[in-house]
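Me: I would be grateful for a close look at a single part of the structure below. A connected account, set against the chain-level picture, would suit me best.

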Protein chains: 2
Amino acid sequence: MDSTLIPDIVVSRLPRYLQALHRMQEEGQNATSSQELGDRIGISAAQIRKDLSHFGEFGKQGTGYSIPYLIDQLQAILKVKQVWGIALVGAGDLGHAIARYQGFTNRGFRIAAVFDVDPHKIGSQIGGFVVQDMANLAQSIRENGIKVAMLTVPADAAQKVAEELVQAGIQSILSYAPVPLNLPEEVYVQYIDPIIQLQHMTYYLG
Amino acid sequence: MDSTLIPDIVVSRLPRYLQALHRMQEEGQNATSSQELGDRIGISAAQIRKDLSHFGEFGKQGTGYSIPYLIDQLQAILKVKQVWGIALVGAGDLGHAIARYQGFTNRGFRIAAVFDVDPHKIGSQIGGFVVQDMANLAQSIRENGIKVAMLTVPADAAQKVAEELVQAGIQSILSYAPVPLNLPEEVYVQYIDPIIQLQHMTYYLG
């Protein structure tokens with residue numbers, strides 16, 4: 001992971017600001033305030049101003065933020081003015097849903113290739129992609145300069161596949177497999193596991 | 001949200017400990033240490049010991065933790081010794097994948113009912129469930145005492161559906177819609193948006 005002076009918790013909030021700003025823009029809005037943005041997201045206005053101050057001065061006292069300008073700046077900070085190709089590994093139900101998901105557009109990502117090991121799936125088409133044999137994984141990732149992967153394979157396969165991805169040059173992995181991955185420190189890994197989040201919520205249920 | 005003396009950040013880590021312990025158990029292991037558990041998850045042993053100490057004394061100096069005992073205790077703390085029925089709203093690609101997901105078993109949850117507004121989907125079967133008309137939502141949730149919902153509807157529909165869920169008695173919502181929900185404070189909401197996590201990672205990419 002890149003060493004940087006900005007706390008990771010601050011970085012983690014920027015995509016949420018960007019998401020809310022996009023939404024405001026879609027709704028026809030042109031300017032906003034840290035107060036309004038905070039009310040939408042459930043974060044205090046002071047926190048938003050403090051987070052943004054790490055990166056520069058984006059608004060004016062009294063007039064607030066220009067939404068297109070702040071979107072542009074946040075996209076640059078998060079490096080999503082470019083479009084990152086994603087290697088999607090695992091063409092099961094969830095991989096299917098991701099391959100067909102329309103929400104990547106304009107947010108900095110597109111699925112670049114879909115892989116699976118299952119001979120019944122290889123060669124089939126999902127969401128406009130032909131599922132490729134995992135045997136082609138390394139070559140395809142290298143040839144296309146892909147740095148980001150989404151992992152939707154079963155838990156038992158996740159570690160091995162993740163190691164293959166890293167060897168092929170993948171630097172960031174978003175894993176849906178419910179198992180912690182053990183990878184070199186320079187690889188950035190995040191997890192999505194709905195059950196982890198559900199269990200977090202049931203703690204608070206009566 | 002229940003007021004409690006345990007910091008939420010501590011609570012948020014417990015499901016990850018539980019996940020890793022389940023995995024160790026599946027691999028045939030019977031005891032572990034905070035060091036080993038920490039190495040798996042990428043959290044320091046000291047942090048794990050400190051987190052667990054909020055809830056009691058679960059291990060012995062030198063011999064570590066009994067895995068079945070610690071699983072049992074964490075399940076009790078997170079209230080997942082019982083099985084929570086989930087109302088799944090939105091029978092698109094993602095709803096489909098969730099309805100068919102086998103990973104809920106033994107982790108405290110089961111899908112209890114699936115809803116959609118699309119007349120083409122209502123009455124069809126996904127993952128063993130007959131998709132019900134959203135018009136039945138409130139009655140079904142009340143009759144079955146469902147408190148947890150997963151939301152896989154488009155962004156534009158999410159706020160309205162979430163309000164209906166809350167009115168029907170839902171207390172916790174895990175939303176996949178890429179939009180912040182504005183709900184009464186006592187409703188616990190979490191979000192899953194892969195793009196938020198991908199954008200967090202690209203910040204660190206060269």
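Leaving aside its neighbours within four places in sequence, with which residues is I86(B) in contact?

Reply: The model is predicted, and the account that follows should be read with this in mind. Once the neighbours within four places in sequence are set aside, I86(B) is in contact with L198(A) of chain A. Its contacts in chain B are F104(B), F109(B), R110(B), I111(B), A112(B), A113(B), I146(B), V148(B), A149(B) and M150(B). The residue itself belongs to strand 4 of chain B, which covers residues 84-89. I86(B) counts as buried because its relative accessible area is 0%, and the cut-off for that class is under 20%. As for a position further along the chain, G169(B) is 83 residues away from I86(B) in sequence, and the C-alpha atoms of the two are separated by 12 Å.

Since one of these contacts, L198(A), lies in chain A, a description of that chain gives the setting. Chain A comprises eight helices and 10 strands, and its C-alpha trace spans about 60 × 45 × 35 Å along the principal axes. Of the 206 residues in chain A, 51% are buried. Among the contacts in chain A with a separation of 6 or more, 55% are made by residues 24 or more positions apart. The accessible surface of chain A amounts to about 9,500 Å², and carbon and sulfur atoms contribute 49% of it. Regarding charge, chain A carries 16 positive and 20 negative side chains, with the centres of the two sets 7 Å apart.

How values were computed. Residues are numbered from 1 along each chain as its sequence is written. Chains are lettered from A and ligands numbered from 1 in the order in which they are written. This is a predicted model: local features need pLDDT of at least 70, side-chain atom pairs count only at pLDDT 80 or more; totals for chains, interfaces and linings use all residues. Side-chain values use heavy atoms; hydrogens and water are left out. Helices (H or I, at least four residues) and strands (E, at least two) are DSSP runs, numbered from the N terminus. Buried means under 20% relative accessible area, exposed over 50%, partly exposed in between (1.4 Å probe, protein chains only). Contact means heavy atoms within 4.5 Å. Accessible areas come from the Shrake-Rupley method with a 1.4 Å probe; for residues, only the protein chains shown count as cover. Lys and Arg count as positive and Asp and Glu as negative; His and the chain ends are not counted. The place of a charge is taken as NZ of Lys, CZ of Arg, CG of Asp or CD of Glu.
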